[in-house]
Amino acid sequence: MPPCRRGASGFRGVRVHPSGRFTAEIRAGGFRLTLGTYNTPEEAARAYDAAAWRFRRPGHDMNFPDVESLEEAEFLAPPPCLVTDEEHRQVQRRIAIAERDEQLMRQWRARSPDAFFANLRAQRRSNRRHRRAVAAFELENSNTTWTENDPRWDDLWTETTSDDE
C-alpha cells in the first residue's frame, strides 16, 4: 500500500488557507467533513485525530500515534476558532450592501425598463461597430495575421442594417 499523502501542513487531514489558518477535514462515506479552523497545524491535526478515532480509523491513519483512546484524543483536540464579532459584522455589512444594490437595480429597471434595454442595445451596437472597424483595418492591412477562413471577417460583411436593431 502506498504511503499516505500529507499536504503542505505536514499532517493528514489538514489544509492551509491563504489567510494562514489551518482547516481540519476528514472524509467519511464519500463526503468531506470540515472539522473547524485552527491557528496552528498541530491543533488541526489533533482535531482530525479525534474525528478519526470517532470513525474508528486504524492507527496508521492518525497524525499522533501516541494517543491511545478516543477520550485522550478528544481531550487533546482544541475547540475550533470562532468567527470574531468584527469579522461577522464585516460579512453582514457586505451582504447588506449587495442586497441594497440588487434592490436599487430592481427599482431602477422597474421605473425605466426602456432605458435599461436601450443602454444594452447601444453597447451591443458599439461592439459590432468596433469589430467591423477592426475587420476593415485588417482588410486594408497587407500584413494581416488573419487567415482566409477567420470568422472575424464575417463582421466586415454583415449588413449595416443590423445596427438599427
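**Note on the predicted model: helices, sheet and one aromatic pair**

1. The buried residues of helix H1 pack against strands S1, S2 and S3 and against helix H2. The model is a predicted one, and the points below should be read as a description of that prediction. The residues of H1 that count as buried are Pro41, Ala44, Ala45, Ala47, Tyr48, Asp49, Ala50, Ala51 and Ala52.

2. As to its placement, H1 lies across S1, S2 and S3, and runs at about 20° to S2. Its length is what one would expect for a helix, because at 1.5 Å a residue its 14 residues should span 20 Å, and the C-alpha atoms at its two ends are indeed 20 Å apart. After H1 comes Arg56, which has a positive phi near 55°.

3. The sheet that H1 crosses is an open one, built from three strands in the order S1-S2-S3 with antiparallel pairing. S1 and S3 (residues 31-38) are its edge strands, each of them pairing on one side only, and from one strand to the next the twist averages 30°.

4. S1 and S2 (residues 22-28) run antiparallel and are joined by three bridges. Among the partners, Val14 is bridged to Ala24 of S2, while Val16 is bridged to Phe22, also in S2. The two strands form a hairpin with five residues between them, and in that turn Gly20 takes a positive phi of about 100°.

5. On the other side of the hairpin pair, S2 and S3 are joined in the antiparallel sense over seven bridges, one of which links Ala28 to Phe31 in S3. This second hairpin has two residues between its strands, and Gly29 in the turn has a positive phi of about 60°.

6. How much of S2 is buried? Six of its seven residues are, so the strand is largely enclosed by the rest of the structure.

7. A search of the whole structure for aromatic pairs finds one. It is formed by Phe11 and Phe64, whose ring centres are 5.7 Å apart; the pair is classed as tilted because the planes meet at 40°, which falls between the limits of under 30 degrees for stacked and over 60 for edge-to-face. The pair links distant parts of the chain, 53 residues apart, since Phe11 belongs to the segment before S1 (14-16) and Phe64 to the loop between H1 (41-54) and H2 (70-76).

8. Are the two rings of this pair on buried or exposed residues? Phe11 has a relative accessibility of 15% and therefore counts as buried, and Phe64, at 17%, also counts as buried, given that the cut-off for burial is under 20%. Phe64 has a further neighbour in Arg46, which lies over the face of the ring at 3.8 Å from the ring centre.

9. Helix H4 (residues 113-140) has 28 residues, and the distance from its first C-alpha to its last is 41 Å, close to the 40 Å expected at 1.5 Å a residue. Within H4, Arg128, Arg132, Ala135 and Glu138 are buried.

10. Val134 is also found in H4, but its relative accessible area is 33%, so it is classed as partly exposed. The C-alpha atom of Val134 is separated by 9.4 Å from that of Trp153, a residue 19 positions away along the chain.

How values were computed: Residues numbered from 1 in each chain as written. Predicted model: local features only at pLDDT ≥ 70, side-chain atom pairs only at ≥ 80, totals over all residues. Heavy atoms only, no water. Phe/Tyr/Trp six-rings, centres within 6.5 Å; stacked < 30°, edge-to-face > 60°. Helix = DSSP H or I, 4+ residues; strand = E, 2+ residues; numbered from the N terminus. Buried < 20%, exposed > 50% of the residue type's maximum accessible area, 1.4 Å probe, protein only. Lys NZ or Arg CZ within 6 Å of the ring centre and 35° of its normal. Pairing = 2+ DSSP bridges. Axes fitted to C-alpha atoms, helices over the stretch in contact; angles between N-to-C directions. Contact = heavy atoms within 4.5 Å. Expected span 1.5 Å × (residues − 1).
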